[in-house]
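This report describes how selected helices, strands and individual residues are arranged in one protein chain. The sequence and the structure are shown first.

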Amino acid sequence: MNIPHIPVLYKETLGIFENIDSGYIIDCTLGYAGHSEGLLKQNSNVKLICNDQDNEALEFSKKRLEPFLNRVTFNKGNFETVLNSFKEYDIRGILADIGVSSLQLDKEDRGFGFDSESLDMRMNQEQSLDASAVVNTYSQSELERVFKECGEVKEYKKVASIIVNNRPFTSAKELSTFIAKNMHKGKLHPATLPFQGIRIEVNDELGVLQRLFDSIEEIKPKNCLVAIISFHSLEDRIVKNYFKKWSKNCICPSDVMRCTCGNDNALGKVITKKPIIPTNEEIKVNPRSRSSKLRVFKFD
């Protein structure tokens, strides 16, 4: 097959799971199945649950993983729900690569790229909310929230104002060109962070990630490794805070004089004190990997 995607932190991710010799690993964000194929080759006694909400990704990956079909279960859905669907299984590993997939970025009709003639950005093409609705119907205050909280745009008020006063926009190309003409130019394309904010809003990416963690916390899978690859500070902060919470022995309120909780409430331990980041060699081969961070937690 012509494989159009290089999975980020590939060797590092496989290394995290290399000693799992039974049970199931859930790939919450299957994409082009790069990580999944590697895990199936490496962990010969392990079965995989391969999840994605994108029909194109599932169809491509079913063909790619044909040699392993007796060990693979495919599931269509958002990764926030996948744990609850398989909570009775012996889950020994959970992997979520929560960046936008190359499948979505490289398809012009999906509306993620600056030069796309579409204004879509839906990871799940069956949902109703898309980028056009956000850009062309949100109030100025709603757009300010999107750019501030989801895009971390410093001039969030200005971006929201110029969009509201010049809409409608019909394509990502038209919107990115307009932003570039009207905003300060720095190291990044001026539309990078506004586009991030719109995309996160369309797909509720931060809410979905938090709900994934809540579902993992509810199930507390025994002897299970959880590996999350994030691509920006908003995601990484959520990952770091949940792992920190799960590793705490004492859960007493901060104003309590003496511990009364038993001081034995840790669910496991953080494996990566600092996130694993790509090597310079990987970044040269795959520039999209440059902002990726891998954090790992192990449940007892």
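Helices α7 and α10 are roughly perpendicular to each other, because their packing angle is about 105 degrees and angles of 65 to 115 degrees fall in that class. The model is a predicted one. The axes of α7 and α10 lie 8 Å apart. On the side of α7, the residues involved are R145, V146, F147 and C150, and they meet P194, Q196, G197, I198, I200 and E201 of α10. Sorted by class, this contact has six nonpolar, two polar and two charged residues.

**Helices α8 and α9**

Helix α8 spans residues 156-164 and helix α9 spans residues 172-182; their axes come within 11 Å and cross at roughly 125 degrees. That angle makes α8 oblique to α9. The crossing of α8 past α9 is right-handed. K158, I162 and I163 of α8 make the contact with L175, F178 and N182 of α9. By class, the α8 contact with α9 has four nonpolar residues, one polar residue and one charged residue.

Several residues of α8 are buried, namely Y156, V159, A160, I162 and I163. The cover over these buried residues includes α6, α7 (140-150), α9 and α10 (192-203). Two of the buried residues, I162 and I163, also take part in the contact with α9.

**Three residues in their surroundings**

T170, M121 and R199 can be set side by side by location and accessibility.

| Residue | Location | Relative accessible area | State |
|---|---|---|---|
| T170 | loop between α8 and α9 | 61% | exposed |
| M121 | loop between α5 (102-106) and α6 (131-137) | 1% | buried |
| R199 | helix α10 | 14% | buried |

Which residues does T170 touch, not counting those up to four places away in sequence? They are E117, S118 and L119. T170 is exposed because its relative accessible area of 61% is over the 50% cut-off. T170 and V135 are 35 residues apart in sequence, while their C-alpha atoms are 9.5 Å apart in space.

M121, in contrast, is buried, with a relative accessible area of 1%. Leaving aside neighbours within four places in sequence, M121 is in contact with R110, G111, F112, A131, F195, I198, R199, V202 and N203. The C-alpha atoms of M121 and I198 are separated by 8.2 Å, although the two residues are 77 places apart along the chain. I198 also appears in the contact of α10 with α7.

R199 is a residue of helix α10. R199 counts as buried because its relative accessible area is 14%, and the limit for that class is under 20%. Beyond residues up to four places away in sequence, R199 touches V100, F112, M121, M123, E205 and H232. F112 is a contact of R199 and also a contact of M121.

**Strand pairing**

Strand β4 comprises residues 91-97, and seven of the seven are buried, so the strand is largely enclosed by the rest of the structure. Strand β1 (residues 24-27) pairs with β4 in the parallel sense over four bridges. Within this pairing, I26 has I94 of β4 as its bridge partner. β4 is also joined to β5 by five bridges, and these two strands run parallel. Here A96 has I228 of β5 as its bridge partner.

Strand β5 (residues 225-230) pairs in turn with β7 in the antiparallel sense, over six bridges. The bridge partner of L225 in β7 is K298. Strand β6 (residues 268-270) pairs with β7 as well, in the antiparallel sense over three bridges. In this pairing V270 stands opposite F297 of β7. Strand β7 covers residues 293-299; five of the seven are buried, so β7 is largely enclosed by the rest of the structure.

Taken pair by pair, β1 is paired with β4, β4 with β5, β5 with β7 and β7 with β6. The pairings of β4 with β1 and with β5 are parallel, whereas those of β7 with β5 and with β6 are antiparallel.

Technical notes. Residues numbered from 1 in each chain as written. Predicted model: local features only at pLDDT ≥ 70, side-chain atom pairs only at ≥ 80, totals over all residues. Heavy atoms only, no water. Buried < 20%, exposed > 50% of the residue type's maximum accessible area, 1.4 Å probe, protein only. Pairing = 2+ DSSP bridges. Axes fitted to C-alpha atoms, helices over the stretch in contact; angles between N-to-C directions. Parallel < 35°, antiparallel > 145°, perpendicular 65-115°, else oblique. Left-handed = near helix turned anticlockwise from the far one by under 90°. Contact = heavy atoms within 4.5 Å. Nonpolar A, V, L, I, M, F, W, Y, C, P; charged D, E, K, R; others polar.
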